[in-house]
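Dear colleague,

I am handing over the structure below for your consideration. A short account of what was found in it follows.

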Amino acid sequence: MEASNTPELHAPALSVIHLSVHYETERGKVIAVEDVSFEVNQGEKLILLGPSGCGKSTLLKTIAGFVPPTTGQMLVNGQPVVGPGPDRVVVFQEFDQLLPWKTVLGNVEYPLRVTGKVPKSEVRARAMEFIRLVRLEKFHDAYPHTLSGGMKQRTAIARSLALEPVILLMDEPFGSLDAQTRNRLQYELNELWTRTGITIVFVTHSIEEAVTLGQRIVVMTPHPGRVKKVLTNEAALAPELAAKRLLELREEIWSLLQGDDAENGVSLNLPPSGTSMVE
Amino acid sequence: MRYQALPGWLRKVLILTLLAVLWEVIARNTENSPLVFPAFSLVVQTFVRLLLDGTLVSYARVSLEVLLKGMVLGSLAALLFTSVAVQFTAGRDLLELLTSMCNPLPAIAVLPIALLWLGLGEGSLLFVLVYSIVWPLSLNLYAGFTTVPQTLLRVGQNFGLSRPRMMSDILIPATAPYILAGMRIAWAFAWRTLIAAELVLGVVGGKGGLGWFIYQQRHFLETASMFCGLATIVLIGLLVESVIFRAIEERTVSRWGMRTA
């Protein structure tokens, strides 16, 4: 169900209220997400960070409407939502999220057409505008299988942004890319965010990625998936604070996760400086 | 120039020429009457005559029309069958059971029953054709539908696609390699089955196909014409397989970089 795109006065873009997701497996009941509550403000970049199995991906799938919550509620622009809809567009990690039988342009145009987001006569221009935004205009008539991983993910981002969703949900979108491409796309995403002011919920297990991208970081721990702490990353707003604050944040997250049975599920590309390593 | 160094097509042309010459030499140097074993040159002459006077074309058209109807009906039946099999466990079991049971049974073997039920006419031919393609095609479609990446389905859900749109815009194109492979097999089965059925059945509503043409020529002892009928069947088979299907493949799954099933 699509929520209204006009935000109610002061309503957060997304409210997650006492959300739990349980499911049955052959080995019994699994509590993937347990009583999670947080809000995402309009235009905010929020990171869901945690080791594998902490329920961050399940939480994102629940927000997207692919998985029904066991208890709790979600509000988009202050209105309850159930099921998937183009107000919460997902960029997946998998490259096969692009339709292989459509070109870059076709992929970006398709959801604009089927959702009726813009009049038919404006679909092409709108799609090209967003393809230019991710700098793929030279490749607009290429089929996905001819593109590199980074270009595929940029196409998926353009396709999602063109729909102008209330929230852009990103499920480890750079997880299958090589380190260099990942860094470049992180930088580009920050740029895109500055230019479009889109609200982003971004799932990752990389502390580096979290502190590079997030204004606020929701740190989650597994068994059951819970919110450990919500951190504010001032560095994301004030670049001059960046170096020092990023180090502090990195170490704080590291110690938060060390306290738990995190099984080294969190990758840390740069280790925290040895002297201040928290046990 | 050494034989191995020649291009593949030229080597094949050479072999074909050699076979034709051998045929001609044997036919001319034996006591056989052309009524029993016509020379290659006579077959070629007859072929050109039958092609130019439209005889072969009109018989081929009858066969191809029935075949096309059968393929359309069979594809619809397979699509319907597979949609049920994808959604219900019992449907899947039924599909697996029926395919494994009916696979060893040549479609032509059900022709007598079809004749009993539907009478001497096109209905019986269609019945046999549909029977010959519904199983292999359903198996391929089923394999295709169950291997569509979950991410693609999620993307479709995310755009809020309706069920019919999900089917036509996501599932069917995502299954294209399997559909194409299934159609290829279906075509091969159907073409052979149809010719066999026409041989058995003969004239359908005053008109006959290529199978009937061959059978008829035997009565007139037009042996060269019989060979022409066989050649037409081979040529149409090759044409569909290596021109039509290949063109479809190049414009679709190859272009999209989709792995062929």
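**Strand E7 and its surroundings**

In chain A, Val89(A) stands opposite Leu168(A), a residue of strand E7(A). Please note that the model is a predicted one. This pair belongs to the contact between E6(A) and E7(A), two parallel strands joined by four bridges.

On the pairing with E8(A), strand E7 (residues 167–171) of chain A runs parallel to strand E8 (residues 199–204) of chain A, and five bridges join them. Among the paired residues, Met170(A) has Phe202(A) as its bridge partner, while Asp171(A) stands opposite Val203(A).

These strands belong to an open sheet of six strands in chain A, with the order E6-E7-E8-E3-E9-E10 and mixed pairing. Its edge strands are E6 (88–91) and E10 (226–232) of chain A, each of which pairs on one side only. From one strand to the next, the twist averages 20 degrees.

Two helices of chain A should also be mentioned. Helix H4 (residues 149–162) packs on the sheet and touches E6 and E7; its direction makes about 175 degrees with that of E6(A). Helix H5 (residues 179–196) also packs on the sheet, where it touches E3 (45–49), E7 and E8, and its direction makes about 160 degrees with that of E8(A). Together, E7(A), H5(A) and E8(A) form a right-handed β-α-β unit.

Finally, E7(A) is mostly covered, with five of its five residues buried. In general, side chains of a regular strand alternate between the two faces of the sheet. In E7(A), Ile167(A), Leu169(A) and Asp171(A) lie on one side, Leu168(A) and Met170(A) on the other, and all are buried.

With kind regards

Note on methods. Residues numbered from 1 in each chain as written. Chains lettered and ligands numbered in written order. Predicted model: local features only at pLDDT ≥ 70, side-chain atom pairs only at ≥ 80, totals over all residues. Heavy atoms only, no water. Pairing = 2+ DSSP bridges. Axes fitted to C-alpha atoms, helices over the stretch in contact; angles between N-to-C directions. Contact = heavy atoms within 4.5 Å. Buried < 20%, exposed > 50% of the residue type's maximum accessible area, 1.4 Å probe, protein only. Right-handed = clockwise from strand over helix to strand, strands pointing away.
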